[in-house]
Structures are given as structure tokens and as C-alpha cells.
Amino acid sequence: MPTFARLPAPDSVAQLVRWFWIPEWCLPAGQTSRQQLIAFPACNLVVEPAGVGLAGPTTGSSYRDLTGTGWAVGALLRPAAVPHFTGAPAVLRNRYQLLDLPVLRERVGRAMLGPDDPPTRHRQAVDAFAAWLTGTVPPPRHEALLANRMADLIDADPAVRTVEDVARRLCISARSVQRLAARFVGLPPAVMIRRRRLQDAAQRLRNDPEMTLADVAADLGYSDQAHLANEFRSVLGLTPGAYRSRVGPTVG
């Protein structure tokens with residue numbers, strides 16, 4: 001089965017990358033492994049053997065069917081890094097755009113073909129990726145760092161449930177929050193908040209089989225269980241109960 005590693009971003013790129021993720025697989029001929037996830041509302045810069053691509057923010061669940069042998073090294077970008085790779089992240093919603101970055105592909109690929117020990121190989125790949133980013137992406141300025149703060153606040157504080165909550169915490173207007181999200185994320189801030197709550201709900205459903213759907217809804221501020229169920233269906237296309245019983249979905 002495919003393996004999946006998540007590595008923290010080195011300090012040198014902490015304002016540009018949330019974390020790095022590395023799947024590897026070697027499947028028998030004719031076998032397919034479908035990987036499903038509820039993606040964070042962010043862009044990913046992904047290096048694979050064939051090249052480099054930018055995956056835009058998603059509006060629903062996604063999956064990829066893996067076959068044969070392969071690997072990928074992805075960087076979950078923080079908002080501050082996004083304008084360096086695209087001036088219109090909203091155009092990349094649910095899309096994957098190939099980028100002409102041969103130096104990045106060569107450096108990361110060389111590391112992934114290195115030591116047989118996976119942790120060592122992964123660390124070398126992340127170090128190569130981070131070094132390329134440091135040498136390529138200029139240090140983020142004030143507005144970019146404010147966009148990072150906006151995303152961190154939405155991701156980390158379950159008490160933030162509206163755009164106005166975000167605006168008050170950042171001491172800016174709700175319209176300014178919307179502009180930051182449009183330029184640096186590509187999704188409306190309200191969608192970012194709903195996605196965070198849905199990720200929290202999915203994690204609780206996976207990790208605590210004894211917790212009722214009603215309790216999950218109440219803890220996360222949904223008006224009732226039906227509200228939670230509607231959110232699941234709109235993003236994932238299935239009910240919370242069906243999600244809980246399905247083997248394999250992950251948050252990444």
C-alpha cells in the first residue's frame with residue numbers, strides 16, 4: 001500500500017510552507033489504490049518524477065488513483081507564497097497547472113533517488129525543496145504576512161465562525177479580509193472557515209467512533225445535525241455516517 005509522510009517546514013521557509021508531504025507507492029501490475037482527501041483551502045506546489053505542478057485550492061473532496069511505482073513531494077503553501085506562482089489563485093480552483101521548474105524537479109528528484117532509508121531520503125528531499133524556495137521566492141512583505149495570519153487564525157481557532165470574527169481579530173475590515181483571501185488563497189474567507197469546521201468534524205468522526213453526530217455538530221457550532229450532514233454532502237458527496245464507515249479518507 002502507498003506510504004505517506006508529513007514533514008514540518010524548515011525555519012527558513014516557515015512563512016512560505018505549512019508542511020511538506022511525501023507519498024510513495026509500488027503497486028502490483030493491475031492494482032489501483034484510490035487516495036481520497038479533504039484538502040486544506042490552499043495551493044500545493046508538487047514535484048513528481050515527470051515534472052512540477054501547482055494544485056489550486058479545492059472546493060470539494062478529491063482523489064487520485066495510484067498505479068505502478070511513483071512518488072511525489074508536495075509543499076502545502078502558506079498564502080504568502082502563492083502570488084509568486086500565480087497571480088490569480090481563484091482561476092486554479094480544482095485545477096492542476098504544470099510549471100516549468102526544471103531545477104526544482106532535478107534537485108528534489110535526486111534526493112528521492114538517494115538513500116534507501118525513507119526518513120533520510122525524505123529529509124534530504126525537503127531540504128532541497130526548501131533551499132530552492134529560499135533562493136527563489138522573495139521574503140514576504142506586510143500584506144503577505146497578514147494573509148498568513150488570517151489563514152492561521154481560521155485554521156487554529158474554532159471560535160472563529162464568521163468573516164467578521166476574522167476581521168475583528170486582525171483589526172481590519174471584513175472587506176479587507178475578503179481581498180486578502182482572493183489574492184493569496186483563491187477562496188472566499190467564508191469557504192475557508194466552513195472547510196476548517198468540516199475538517200474538524202471529519203477528524204472527530206474518524207478518531208472517536210463513540211461520539212454521536214449530534215455531539216459533533218454541537219461541539220463545532222453547527223445549528224443541528226442536519227446542518228452538519230448538509231455540509232458533508234455538499235463537499236464530499238456523502239453523509240457523515242457513510243464517511244465514518246468508509247475506510248481510507250484522510251485530511252491532508
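The legends below describe an overall view and several close-up views of one predicted protein chain.

Residues are numbered from 1 along each chain as its sequence is written, and side-chain values use heavy atoms, with hydrogens and water left out. Because the model is predicted, local features need a pLDDT of at least 70 and side-chain atom pairs count only at pLDDT 80 or more, whereas totals for chains, interfaces and linings use all residues.

**Figure 1. Overall view of the protein chain, with ten helices and ten strands.** Helices (H or I, at least four residues) and strands (E, at least two) are DSSP runs, numbered from the N terminus. The radius of gyration is 19 Å, close to the 18 Å that the globule rule gives for 252 residues, so the chain is as compact as a globular protein of that length. That radius is taken over C-alpha atoms, and the globule rule is 2.2 Å times the number of residues to the power 0.38. The C-alpha trace spans about 50 × 45 × 30 Å along its principal axes. Of the 252 residues, 48% are buried; buried means under 20% relative accessible area, exposed over 50%, and partly exposed in between (1.4 Å probe, protein chains only). Among contacts with a separation of 6 or more, 72% join residues 24 or more positions apart, a contact being heavy atoms within 4.5 Å.

**Figure 2. Surface and charges of the protein chain.** About 12,200 Å² is exposed, and carbon and sulfur atoms supply 53% of this area. Accessible areas come from the Shrake-Rupley method with a 1.4 Å probe; for residues, only the protein chains shown count as cover. There are 29 positive and 22 negative side chains, and the centres of the two sets lie 6 Å apart. Lys and Arg count as positive and Asp and Glu as negative, while His and the chain ends are not counted. Each charge is placed at NZ of Lys, CZ of Arg, CG of Asp or CD of Glu.

**Figure 3. Confidence along the chain and residues 247-252.** The average pLDDT (the predictor's confidence in each residue, from 0 to 100) is 90, and 96% of the residues score at least 70. Over residues 247-252 the pLDDT is below 50, and this stretch has 17 contacts in the model beyond near neighbours in sequence. Where pLDDT is low, the predicted coordinates should not be read in detail.

**Figure 4. Close-up of Arg 197 in helix α7 (residues 189-207).** Arg 197 counts as buried, at 10% relative accessibility. Leaving aside residues up to four places away in sequence, Arg 197 touches Leu 220, Gly 221 and Tyr 222. Pro 158 is 39 residues away along the chain, and its C-alpha atom is separated from that of Arg 197 by 7.5 Å.

**Figure 5. Close-up of Val 160 in the loop between α4 (142-156) and α5.** Val 160 is buried, with a relative accessible area of 0%. Not counting residues up to four places away in sequence, the residues that Val 160 touches are Leu 153, Asp 165, Val 166, Arg 169, Ile 193 and Arg 196. The C-alpha atoms of Val 160 and Arg 197 are separated by 9.7 Å, with their positions 37 residues apart along the chain counted as sequence distance.

**Figure 6. Close-up of Gly 56 in the loop between β5 (51-55) and β6 (62-66).** At a relative accessible area of 6%, Gly 56 is buried. Gly 56 touches Ala 42, Cys 43, Leu 92 and Arg 95, not counting residues up to four places away in sequence. His 122 is 66 residues apart from Gly 56 along the chain, with a C-alpha separation of 24 Å.

**Figure 7. Close-up of Asn 94 and Cys 171, two non-glycine residues with positive phi.** Asn 94 has a phi of about 60 degrees and sits in the loop between α1 (82-85) and β9 (96-99). Asn 94 is partly exposed, with a relative accessible area of 48%. For Cys 171, phi is near 60 degrees, and the residue is placed in the loop between α5 (163-170) and α6 (174-184). Cys 171 counts as exposed, at 71% relative accessibility.

**Figure 8. Close-up of Ala 218 in helix α8 (residues 213-219).** Ala 218 is exposed, with a relative accessible area of 53%. Leu 228 is ten residues apart from Ala 218 in sequence and 9.4 Å apart in space, C-alpha to C-alpha.
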